[in-house]
Amino acid sequence: MFRSTNELNGYHVLATDGECGTVKDFLFDDESNIVRYLVIDTGNWLPGRKVLVSPVAIDQPNLDTRELPTVLSRENIETSPALEDDLPVSRQKEVALSSHFNWPMYWGHSDSGLDHHSTQTQVVELDGNPHLRSVKEVIGYHIQCMEGTLGHIDDLIVDTESWTMRYLVIDTQNWLPGKKVIIAFDWITHFTWEDKKAHVDLTEEQVRDAPVYDPRLPVNRAYEVQLYDFYGRPTYW
């Protein structure tokens, strides 16, 4: 199921015994393109507090009620380590979250959940995991194509089955007034964080002639086939 992160922001998060806050942001790994955490604002229940919830604890969103069910209790969330600041999120914080919720550590693959490599990573990244990026941070980043910039990131589309970032919605701004197009997240060659750009190996002509993106229509397999066929790119499925 593909969903807009702009749409999912503001969804009510449900614990097993009641509402516990709203979605405020997503933190994704810029190497794997996988959402590692949802940032939940606990609102009036726990004023001024934000917590991180892993997608492993989340069921599919209810589009009609704008609710996001979880397998967590309100007590689980209330006693979890709070997110005191914005990025970066330290590996220490991630270890504490994993321990509290009994989540698997995604950076380790041994039976214990923490192998030799992940122990090294924990030490190196103690002050902050440099690969965790905020969706709110990248909204507005300029798209750098082969000839120059051609617009900015207006939205990101996530697969809520695997919580993988699949697509970018690009607003072409004044270059092509009123036109939005969609490209695969995998087609980003790299980000340059200092000048807030996402670099893609696409030409202006490709984007100019691309099908217009209509957010009212679903992104389904038929749409994906058409998109990949237009750009002449190998599919991920």
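A salt bridge is a side-chain nitrogen of Lys or Arg within 4 Å of a carboxyl oxygen of Asp or Glu. In this predicted model, Arg133 and Glu137 form such a pair, their closest N and O atoms being 3.5 Å apart.

**Confidence**

The average pLDDT of the protein is 87, and 89% of the residues score at least 70. Residues 109-126 have a pLDDT below 50, and this stretch makes 23 contacts in the model beyond near neighbours in sequence.

**Salt bridges**

The structure holds eight salt bridges. Three of them are listed below with the distance between the closest N and O atoms.

| Basic residue | Acidic residue | Closest N and O atoms |
|---|---|---|
| Arg36 | Asp29 | 3.8 Å |
| Arg133 | Glu137 | 3.5 Å |
| Arg233 | Asp201 | 3.1 Å |

The partners in these pairs can be described by their accessibility. Asp29 and Arg36 are both buried. Arg133 has a relative accessibility of 17% and, because buried means under 20%, counts as buried. Its partner Glu137, at 27%, counts as partly exposed.

The bridge between Arg233 and Asp201 spans two parts of the chain. Arg233 lies in the segment after α7 (221-231), whereas Asp201 belongs to the loop between β13 (197-200) and α6 (204-209); the pair therefore ties together parts that are 32 residues apart in sequence. Asp201 is partly exposed, with a relative accessibility of 34%. Elsewhere, Asp30, Arg133 and Glu137 are joined into one network by salt bridges that share partners.

**Nonpolar core**

The largest nonpolar core comprises 64 residues, and Leu38 and Tyr167 have the most contacts inside it. This core lies between domain 1 (2-101) and domain 2 (139-231), because both domains give residues to it.

**Two buried strand residues**

Ser134 is part of strand β7, which covers residues 132-134. With a relative accessible area of 8%, Ser134 is buried. The side chain of Ser134 makes a polar contact of 2.5 Å with the side chain of Asp25.

Val169 is found in strand β10, formed by residues 164-171. Val169 is likewise buried, at 1% relative accessibility. Beyond its neighbours within four places in sequence, Val169 is in contact with His152, Ile153, Asp154, Asp155, Ile157, Lys180, Val181 and Tyr213. The C-alpha atom of Val169 is separated by 9.2 Å from that of Ser4, although the two residues are 165 residues apart along the chain.

Definitions and conventions:
Residues numbered from 1 in each chain as written. Predicted model: local features only at pLDDT ≥ 70, side-chain atom pairs only at ≥ 80, totals over all residues. Heavy atoms only, no water. pLDDT = per-residue confidence, 0-100. Contact = heavy atoms within 4.5 Å. Helix = DSSP H or I, 4+ residues; strand = E, 2+ residues; numbered from the N terminus. Buried < 20%, exposed > 50% of the residue type's maximum accessible area, 1.4 Å probe, protein only. Polar contact = N/O pair within 3.5 Å; in protein donor to acceptor, adjacent residues only side chain to side chain. Core = buried A, V, L, I, M, F, W, Y, C linked by side-chain atoms within 4.5 Å. Domains from an automatic or database assignment.
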